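Got a structure to get to know? Let's take it slowly and ask how each label is earned.

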Amino acid sequence: MRIRSRIMPSRTSLGVSYDRNAPRRPVNLSLNTDLLAQVREVTPNLSATVETLLGDYLQSARQQREDEQRKLDSVIDAVNDLHTRHGFLSDEFSTL
């Protein structure tokens, strides 16, 4: 009996970023007015700033997902190794 991970790996690799030349489209965001006013004082291009921050967030989220997948895979490998070496207690009672 082999255990396999149920979580599917990310379809994109961390080294691959989003297509920076893809067409832009307008979206509606609801932002805190005080925060927006302060950000507008320090950046001339709010859209570019938000796009950069979202790209960074996406990369971080993908990294976290892949780290969690690696941890899960190592646990699954350890359980499979344990089963290969010793079997499971339930194996002797299985009717399958």
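Here come some questions and answers about this structure.

Q: What kind of model is this, and how are its residues numbered?
A: This is a predicted model, where local features need pLDDT of at least 70 and side-chain atom pairs count only at pLDDT 80 or more, while totals for chains, interfaces and linings use all residues. Residues are numbered from 1 along each chain as its sequence is written, and side-chain values use heavy atoms, with hydrogens and water left out.

Q: How many helices and strands does the protein chain have?
A: The protein chain has 2 helices and 0 strands. Both terms refer to DSSP runs, numbered from the N terminus: H or I over at least four residues for a helix, E over at least two for a strand.

Q: What makes R24 and E51 a salt bridge?
A: The label calls for a side-chain nitrogen of Lys or Arg within 4 Å of a carboxyl oxygen of Asp or Glu. The closest N and O atoms of R24 and E51 are 2.6 Å apart, so the pair qualifies. This pair links distant parts of the chain, 27 residues apart: R24 sits in the segment before α1 (33-42), and E51 in helix α2 (residues 46-86).

Q: Why is R24 called exposed?
A: Exposed means over 50% relative accessible area, buried means under 20%, and partly exposed is in between (1.4 Å probe, protein chains only). R24 has 60% relative accessibility, so exposed is the word for R24.

Q: Why does E51 count as partly exposed?
A: E51 comes in at 27% relative accessibility, which puts E51 between the two cut-offs, so partly exposed fits.

Q: How do you know that R70 and D67 form a salt bridge?
A: Their closest N and O atoms are 2.4 Å apart, so they meet the salt-bridge cut-off. Both lie in helix α2, 3 residues apart, about one turn of the helix. R70, with a relative accessible area of 47%, is partly exposed, and so is D67, with 29%.

Q: What makes D81 and R85 a salt bridge?
A: Their side chains meet at 3.1 Å, N to O, so this pair passes too. D81 and R85 are 4 residues apart in helix α2, or about one helical turn.

Q: Why is D81 partly exposed and R85 exposed?
A: D81 has 37% relative accessibility, so it falls in the in-between range. R85 reaches 54%, so R85 counts as exposed.

Q: How many salt bridges does the structure hold, and what share of the residues is buried?
A: The structure holds 3 salt bridges. Of the 96 residues of the protein chain, 10% count as buried.
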